Every structure is written in C-alpha cells, then in structure tokens.
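How do the helices of a protein chain sit against each other? Take a look at the model below, then follow the text from the whole chain down to single contacts.

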Amino acid sequence: MMRNYQEKLSYRLIMPLQHFMNQEKSGGIVLGISIVIALVLANSPLSDSYFHFFEQEFGFLFNGAGYFNFDLHHWINDGLMSMFFFVVGLELKREFIGGELADVRNTILPIGAAVFGMIVPALIYYLFNPHGDVSGGWGIPMATDIAFSLAILYVLGDRVPLSIKVFLTTLAIVDDLGAVLVIAFFYTSDISLLSIGVGVAFLMVMYVANRLGVKNVIFYGVVGICGVWTAFLMSGIHATIAAVLAAFMIPADARISEPAYMARAEKLIKRFRNAEPNSVSTLEPEQVEIIGRMIGDSRDAIPPLQRLEHSLHPLVSFVIMPVFALANAGISFEGINPADVFSDNVAVGVMLGLLIGKPLGISASVLLLTRLGIARMPSSVTVRRLFGVGFLASIGFTMSMFISTLAFVDEAYLIHAKLGIFAASIVGGVVGYVLLRK
C-alpha cells in the first residue's frame with residue numbers, strides 16, 4: 001500500500017516538478033511570477049509590512065561590537081546575488097573552454113552584436129541624462145536578461161530555428177560579461193587597497209590549488225566565501241565581482257579522465273553482474289560496495305566546474321532570482337505622478353535605451369559586419385528575425401534592476417529607473433515574440 005502511494009506521488013508530483021525545473025523556460029516563468037507577487041504586495045494593504053521586512057538589519061556580534069550589519073535588502077543584493085554571479089562566472093569559463101566562445105571566429109557576429117547592443121543603449125541614455133546624479137544610470141539599459149529572453153524563445157518552439165537560439169544565447173553570455181566589467185570598473189565606492197590585496201591573495205590560493213590538482217569543492221567554497229568574497233565586500237568593489245573571479249579559479253578538468261572512467265565503469269558493472277544476489281529487496285554488502293565505488297567514480301569524472309554549475313543552477317533559478325525579484329521589483333504606484341516620472345528623464349532614458357538602443361545596436365552591427373565581409377550571417381537569420389532577437393534582448397530585468405540599485409541612491413531615481421525597465425521589458429518581449437512567431 002505504502003509503496004503504491006509513493007509511486008503515485010512520484011508519478012503525479014515529483015516527476016512533473018523535475019521536468020518543469022529542467023526546462024530552460026521555467027526559470028523565466030518563476031521569475032515573472034515573483035515580479036507580479038512583488039508588485040501586488042507593494043500596492044496592497046500589506047505594503048508597509050512588505051517594505052519594512054526588507055529593511056530589517058542583522059549581522060555578527062563579537063566582543064560587543066557589530067560587524068557586517070546590513071539590512072536584508074543589502075544582504076540579498078550583495079550576498080545572494082553573488083551566488084547568481086558565481087554561476088554566471090562558471091558558465092562564462094565553460095563557454096570559453098569548450099562552448100560558444102571557444103572559437104572567436106565563429107562568434108564574431110554575436111560578440112559584435114552584444115558590444116554594439118551595450119554601447120548604443122548607454123549612449124541613448126546619456127543623451128537624455130548628460131549631467132548630474134542621473135547621468136550615472138547609463139549602465140542600466142546595457143544589460144539583457146537571458147532567463148526571460150530564452151523563456152520566450154523556448155515558448156515559440158520550432159517557429160524559431162536553432163541558429164537564432166544559439167545567436168541570442170551567445171549574445172547574452174557576452175552581454176553578461178560586459179555587465180560584470182561595467183560593474184567592476186564603474187559602479188564601485190571608496191576602494192580599500194588593503195582589502196583588495198587580501199582578496200587577490202585568496203584568489204591566488206585558489207589558483208595555485210587548481211594548478212596543483214586540488215578538486216575538493218568544499219575547499220574552494222570556504223576560501224572563496226570566507227576569503228575572496230569577504231575581502232571584496234570590505235574593499236568597496238562590489239562583492240559580486242569576487243564571485244565571478246572565484247568562479248574562474250574553479251578546476252575545469254576532472255579527477256578521472258573519460259577513458260579511465262569508462263574502463264572502471266565496465267569493470268565495476270561486470271563485478272556487479274557476477275556478484276551473488278539475494279532474494280530480498282536489500283542488497284548484499286559486496287553490491288553496496290560496488291555501487292558506492294561507481295557513484296564515487298561518476299562524481300570524480302565530472303569536472304568541479306560543471307558539477308557546481310549543475311547543482312547551483314536550480315538554486316539560482318528557483319530561489320535566488322525569485323527572492324531578488326521579490327526584494328527589488330516591488331514598486332508602490334501610490335502617489336506617483338506621471339509628470340514627476342518624466343521630469344528627470346531617467347525613465348525615458350532607460351526605456352528608450354533598452355527598447356530602441358538594443359534592437360538598433362544589435363541589428364546595425366550585424367548588418368555592418370556582414371556587409372564588410374567580416375562575418376557571415378546564417379541563412380535562417382532574416383532581417384525580421386534579427387529585429388525580433390533585438391527586441392528580446394531589450395528585456396533587461398534582472399541585470400538592469402541590479403545595476404540600477406548600484407547607480408542610484410535617491411529613491412525617486414531608482415523608482416523611475418525600475419518603471420523604465422518594466423515598460424521596456426514588457427513591450428520588447430511582446431514585440432520580439434510577435435516578430436519571431438510569424
């Protein structure tokens with residue numbers, strides 16, 4: 001009876017849930033739901049409690065002195081989002097080693113599109129906001145949210161050829177790298193050279209350990225969090241940069257090579273087949289020992305970089321990014337005057353930077369590179385599809401929202417930037433979907 005119940009539960013609940021989490025579009029769906037929840041809470045009778053919840057402070061107390069006393073909002077943006085950037089760093093390193101970015105000759109087109117797709121939006125924003133505190137928001141419309149963009153592509157299914165998906169994925173990867181560099185060089189506070197030196201020293205420890213063949217994930221986790229992340233958090237350089245740098249120190253080679261793993265697996269399977277079975281549901285000690293060795297060998301055959309990326313991706317997609325959205329997407333529309341929103345050009349600059357700058361920069365760069373003979377456009381990439389990809393790239397939610405929290409201290413500017421991001425992302429997603437659907 002109990003066994004039948006467990007099988008029914010697995011078939012009706014667990015397997016569909018696992019199937020949903022393994023789909024590329026699922027992260028975008030959960031993120032979208034989190035945004036809606038945040039907006040509803042911010043404009044409901046619970047709005048005061050909602051905003052107050054993220055203002056609560058906590059830290060560490062030692063000998064009567066407090067350390068790292070930050071509010072919950074700060075811990076999410078500097079702590080949890082570091083995990084998001086760590087996974088971004090892992091993906092970037094994997095792509096440089098054996099992915100879309102391994103051979104630059106095959107990626108000239110999407111790399112050029114990504115670069116122009118960052119420069120043009122920044123210029124458009126700067127045209128509207130050339131002076132004062134508002135000028136610091138030029139980095140906001142540069143970013144593309146890969147989760148939302150790919151979610152729409154996968155909803156379209158076979159209507160979109162594989163070359164388009166590869167093009168947008170590569171573009172978004174380069175876009176992420178550009179956003180990381182922008183944050184590192186332009187959105188920093190007062191810099192402590194001592195703390196940077198300590199962080200770099202811990203990075204060197206990770207690098208040396210990698211070169212010496214250390215594959216222990218726990219070792220890299222302790223050194224990365226307690227050493228690199230903490231030092232960068234105190235340095236003035238945003239702590240998420242530490243996460244990207246630490247990711248590049250993670251070993252990308254396995255403890256056991258592919259030929260050695262196959263030889264061991266065949267030997268262990270043969271041993272298991274010849275082991276003396278029993279007539280009950282439990283295994284014999286020899287069988288348990290063989291399976292244990294197979295599990296260990298399988299773990300050691302996966303490079304630590306891919307092991308971490310695979311294990312952390314669900315956590316980032318279904319926990320960290322939704323929590324970030326809940327903490328940052330909540331905008332109360334009470335008392336917002338449209339005249340005030342458009343008085344400082346922040347919303348206009350962000351919205352037009354994303355909605356016009358992204359499609360214009362991406363499409364113009366691709367057409368220019370192909371006309372000059374520097375790169376060749378795949379036959380399936382028509383002008384209509386090119387503009388469709390450009391509009392999908394104007395969905396800049398996660399990274400744009402994150403950069404806006406670094407660019408502005410003034411709450412009014414921050415709200416205006418978020419409104420611009422929302423408007424551009426919604427319109428860009430709809431237009432991109434329509435262009436690619438036909």
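The paragraphs below go from the overall chain to its core and then to two helix pairs.

This is a predicted model. Start with the whole chain. The protein chain has 18 helices and two strands. It holds 438 residues, and 46% of them are buried. Now think about contacts along the sequence. Take those with a separation of 6 or more: 80% of them join residues 24 or more positions apart.

Next comes the core. The largest nonpolar core has 101 residues. Which residues have the most contacts inside it? They are Phe84, Phe85, Phe86, Leu153, Phe167 and Phe397. Helix H7, residues 162-186, gives this core its largest share, 11 residues. Pick out Leu153 and look around it. Leaving aside residues up to four places away in sequence, Leu153 touches Val160, Ile164, Lys165, Leu168, Leu392 and Leu436.

Now turn to helix H18, which covers residues 411-437. One partner of H18 is helix H15, residues 346-371. Their axes lie 7 Å apart, and the packing angle is about 30°. Angles under 35 degrees count as roughly parallel, so H15 and H18 are roughly parallel to each other. Their crossing is right-handed. Which residues meet here? From H15 come Val346, Ala347, Val350, Met351, Leu354 and Leu355. From H18 come Tyr413, His416, Ala417, Gly420, Ile421, Ala423, Ala424, Val427 and Gly428. Sort the residues of this contact by class: 12 are nonpolar, three are polar and none is charged.

A second partner of H18 is helix H17, residues 397-407. The axes of H17 and H18 come within 10 Å and cross at roughly 165°. Angles over 145 degrees count as roughly antiparallel, so H17 is roughly antiparallel to H18. This crossing, too, is right-handed. On the H17 side, the contact uses Phe397, Ser400, Met401, Ser404 and Thr405. On the H18 side, it uses Leu414, Ala417, Lys418, Ile421, Phe422 and Ser425. The classes here are six nonpolar, four polar and one charged.

Put the two pairs side by side. Ala417 and Ile421 of H18 meet H15, and Ala417 and Ile421 are also part of the contact with H17. Phe397 links back to the core: Phe397 is among the residues with the most contacts inside it, and Phe397 of H17 also takes part in the contact with H18.

How values were computed:
Residues numbered from 1 in each chain as written. Predicted model: local features only at pLDDT ≥ 70, side-chain atom pairs only at ≥ 80, totals over all residues. Heavy atoms only, no water. Axes fitted to C-alpha atoms, helices over the stretch in contact; angles between N-to-C directions. Helix = DSSP H or I, 4+ residues; strand = E, 2+ residues; numbered from the N terminus. Parallel < 35°, antiparallel > 145°, perpendicular 65-115°, else oblique. Left-handed = near helix turned anticlockwise from the far one by under 90°. Contact = heavy atoms within 4.5 Å. Nonpolar A, V, L, I, M, F, W, Y, C, P; charged D, E, K, R; others polar. Core = buried A, V, L, I, M, F, W, Y, C linked by side-chain atoms within 4.5 Å. Buried < 20%, exposed > 50% of the residue type's maximum accessible area, 1.4 Å probe, protein only.
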